[in-house]
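Please open the structure in your viewer and keep the selection tool at hand. This tour moves from one selection to the next and says what can be found at each stop.

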Amino acid sequence: MATVSSAFSSDHCDYGTLPRQTSVPLSSDRSLKHDIQEFLDGGLAAWLTVFGAFIALFCSFGQMNAFGTFQSWYTTHQLRDLHPSTVAWIGSVQLWVFFFSGGFIGRVFDMYGPRLVMSLGTALYVASILLTSVARTYREYILAQGILSGLGVGMLFYPPLASISTHFDKYRATALGIAAMGSGLGGTVYPILLQHMFVRIGFTWALWVSALVSFVLCTTATLTVTSRIAPGKIQAAGRWLDLRPLNDARFLLLVIGSCFVSFGLFTPFCYVVSYATDNGVDPTTAFYILAVLNLASVFGRIAPAHFADAFGRFALLVPCAFLAGASSLILWSTARTLAQLMTYATLYGLFSGAFNALIVPCIAQISDIREIGMRIGLLYSIISFPSLIGNPAAGALLRVCHGSYTGLVALSGASVVVGSFFMLLSKLRIHPDMFARV
């Protein structure tokens, strides 16, 4: 029987194509072969998917990036009797659920497409905001903002990004970068918006407004995101969390590097506001540092992603991850004034945003297109564990050091730098030339 494998002559898995050894019967899968081989790299459906992904990430992942505002509010209001490291577990649980759910969400996406998953995600996410608005105890915040919100964000994050990967090939990193800008822009708007609403109309009403906005935007995103591989064309079999992709050394090294990066990457988002106030910055302006950090990440998501299509995705991922960690070690550790913290936030946001925008194109580059959703989900499921303990570990160091942020900053920066070296090893497995455009 004729197979697709004869149609591919390269010895490695090209960007978003089938690997050479893959054998798919043409008699039963001609339409899937056509979907895989031909990318439009544009068109109305493709750009509507990018638009839908942008607004989905704006109101979901963007608001999750604003947890530093919640952390600061909780420690002076509802949860003021708890240590900041204890309050940080709310955000850490949210991150863990978001990341860990990726493997299962990716598998459901591969089988059923984006619309079903995003519809359920919209309902869960809006419900989580409403439940957070009426929560009173620490346990209730863990359940509502930690578990339920994390799951809802995951259902609104993975499907649109995986859908974009089915529409684009040559300009895939650019398209994903535009979509990822949504989370950075949301992370810029939400800290300022929420802080003002908390003060002016109260915590409960502020979240009701947020829930209404999220419902409108997420519903719009659900209606505009589409996948070029129709639901039902991919017949998933075996385990829901398939670990076989880890046999690919390139993917395994990328996962290990991402684990180190994710352990320290989110620490500044959680602690930079409290760091500023503890160093004498006016509390009414300190939250602007978080907004600047997220605003810089908007540019970090689009500019490197655009250049990555020309100069190589891994070729930019590695230095951006390294510089994100280095900026914490060099600039955050010495910042004492508002101007110094703003400078650090700008550079860290730029480089950390580039990492967030480039990691998905790098996964797609070394994956069979029919497994992109599953591999994206698998990576995020694995890095959920270091993401879970990263912020609490930083908070524990803050307590052990009697309020000194030295250990917290060093741990955050060093873990990201170490992760960048594992990503370099992954790049070298693709091409041994360190300066190759891959």
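Begin by selecting residues 84-100, which form helix α5, together with residues 138-167, which form helix α8; these two helices pack with their axes 7 Å apart and at an angle of about 30°. Because angles under 35 degrees count as roughly parallel, α5 and α8 are described as roughly parallel to each other. If you turn the view so that one helix lies in front of the other, the crossing of α5 and α8 is right-handed. Colouring the contact of α5 with α8 by residue class would show 15 nonpolar and 7 polar residues, and no charged ones.

Before going further, keep in mind that this is a predicted model, and zoom out to take in the whole protein chain. The chain has 18 helices and 0 strands, and of its 438 residues, 58% are buried. If you consider the contacts in the chain with a separation of 6 or more, 84% of them are accounted for by residues 24 or more positions apart.

Next, select residues 114-134, which make up helix α7, and pick out Ser133 within this helix. Is Ser133 buried or exposed? With a relative accessible area of 0%, Ser133 counts as buried, because the cut-off for that word is under 20%. Now add Phe203, Thr204, Leu207 and Trp208 to the selection, since these are the residues in contact with Ser133 once its neighbours within four places in sequence are left aside.

A second serine can be visited in the same manner: select residues 313-330, which form helix α14, and find Ser327 there. Ser327 is buried as well, with a relative accessible area of 6%. Which residues does Ser327 touch, not counting those up to four places away in sequence? They are Trp332, Tyr344 and Tyr348, and showing their side chains beside Ser327 will complete this view.

For the last stop, turn to the cysteines, bearing in mind that a search of the whole structure finds 0 disulfides. Select Cys218 and Cys59: the sulfur of Cys59 is the nearest cysteine sulfur to Cys218, at 3.2 Å, and Cys218 is in no disulfide. The pair does not count as a disulfide because the two sulfur atoms would have to be within 2.5 Å. Finally, switch on a surface display around Cys218, which is buried, with a relative accessible area of 0%.

How values were computed. Residues are numbered from 1 along each chain as its sequence is written. This is a predicted model: local features need pLDDT of at least 70, side-chain atom pairs count only at pLDDT 80 or more; totals for chains, interfaces and linings use all residues. Side-chain values use heavy atoms; hydrogens and water are left out. Helices (H or I, at least four residues) and strands (E, at least two) are DSSP runs, numbered from the N terminus. Buried means under 20% relative accessible area, exposed over 50%, partly exposed in between (1.4 Å probe, protein chains only). Contact means heavy atoms within 4.5 Å. Axes are lines fitted to C-alpha atoms, for helices over the stretch in contact, and angles run from 0 to 180 degrees between N-to-C directions. Angles under 35 degrees count as roughly parallel, over 145 as roughly antiparallel, 65 to 115 as roughly perpendicular and the rest as oblique. A crossing is left-handed if the near helix is turned anticlockwise from the far one by less than a right angle, and right-handed if clockwise. Ala, Val, Leu, Ile, Met, Phe, Trp, Tyr, Cys and Pro count as nonpolar, Asp, Glu, Lys and Arg as charged, and the others, Gly among them, as polar.
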